[in-house]
Amino acid sequence: MSATKQVLRYEIPVDLHTHSIEFRGPVLHYAIKPGDRMISVWAEHNPSENSLTRMYKVYGTGEDIPAYLRWHATCVSEDGFVWHVYSY
């Protein structure tokens, strides 16, 4: 039997906190969850791959963002707010 992988969904709350997500494969897509202040993240999950933990934080347009953070995505919510996903 050959090895398999899955696509899993994770969530990053849009709040003032940093959130940890452990991946075992590449991130495929980011999108805002309709009707909620939550960023959904879809990523491949392959149990045979080494894990990678990212520390995420979501910023609104115009907020100060530390220079050391890496941008991943920008998502527009139904109410017109624009959120920017960063990690280290």
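Modeller: Two strands pair if DSSP finds at least two bridges between them. The model discussed here is predicted.

Biologist: In which sense do β3 and strand β4 run, and how many bridges join them?
Modeller: Strand β4 covers residues 38–45. With a threshold of at least two bridges for a pair, β3 and β4 qualify, since five bridges join them. The sense of the two strands is antiparallel, and the number of bridges is five.

Biologist: In β4, which residue is the bridge partner of Ala31?
Modeller: β3 spans residues 27–32, and Ala31 has a bridge partner in β4. That partner is Ser40.

Biologist: Which strands stand at the edges of the open sheet that contains β4?
Modeller: The sheet has three strands in the order β1-β4-β3, and the pairing is antiparallel. A strand at the edge has a single partner strand, so one side of it is left without a neighbour in the sheet. That applies to β1 (6–13) and β3 (27–32).

Biologist: What does the twist average from one strand to the next in that sheet?
Modeller: The order to follow is β1-β4-β3. From one strand to the next, the twist averages 20°.

Biologist: How many helices and how many strands does the chain have?
Modeller: From the N terminus on, the elements run β-β-β-β-β-β-β. The count is therefore zero helices and seven strands.

Biologist: Which strands stand at the edges of the sheet of four strands?
Modeller: This open sheet has the order β2-β5-β7-β6, with antiparallel pairing. Each edge strand has a single partner strand, so one side is left without a neighbour in the sheet. The edge strands are β2 (19–23) and β6 (70–76).

Biologist: By how much are neighbouring strands of this sheet turned against each other on average?
Modeller: The order β2-β5-β7-β6 gives the neighbours. With direction ignored, the average turn between them is 30°.

Biologist: Which residue in β7 does Lys57 stand opposite?
Modeller: Strand β5 (residues 52–60) and strand β7 (residues 82–87) pair in the antiparallel sense over five bridges. Opposite Lys57 in β7 stands Tyr86.

Biologist: Is His84 buried or exposed?
Modeller: His84 is found in strand β7. The relative accessible area of His84 is 16%, and the cut-off for this class is under 20%. His84 therefore counts as buried.

Biologist: With the side chain of which residue does the side chain of His84 make a polar contact of 2.9 Å?
Modeller: Not counting residues up to four places away in sequence, His84 touches several residues, including Tyr59, Thr61 and Thr74. The side chains of His84 and Thr74 make a polar contact at 3.0 Å. At 2.9 Å, the side chain in polar contact with that of His84 belongs to Thr61.

Biologist: What is the relative accessibility of His72?
Modeller: His72 is found in strand β6. His72 counts as buried, a class that requires a value under 20%. The relative accessibility of His72 is 13%.

Biologist: Which side chain does a polar contact of 2.5 Å join to that of His72?
Modeller: Leaving aside neighbours within four places in sequence, His72 is in contact with Tyr30, Arg54, Tyr56, Val85, Tyr86 and Ser87. The polar contact of 2.5 Å is with the side chain of Ser87.

Biologist: What separation do the C-alpha atoms of His72 and Ala31 have?
Modeller: The two residues are 41 residues apart along the chain. Their C-alpha atoms are separated by 11 Å.

Notes: Residues numbered from 1 in each chain as written. Predicted model: local features only at pLDDT ≥ 70, side-chain atom pairs only at ≥ 80, totals over all residues. Heavy atoms only, no water. Axes fitted to C-alpha atoms, helices over the stretch in contact; angles between N-to-C directions. Buried < 20%, exposed > 50% of the residue type's maximum accessible area, 1.4 Å probe, protein only. Polar contact = N/O pair within 3.5 Å; in protein donor to acceptor, adjacent residues only side chain to side chain. Contact = heavy atoms within 4.5 Å.
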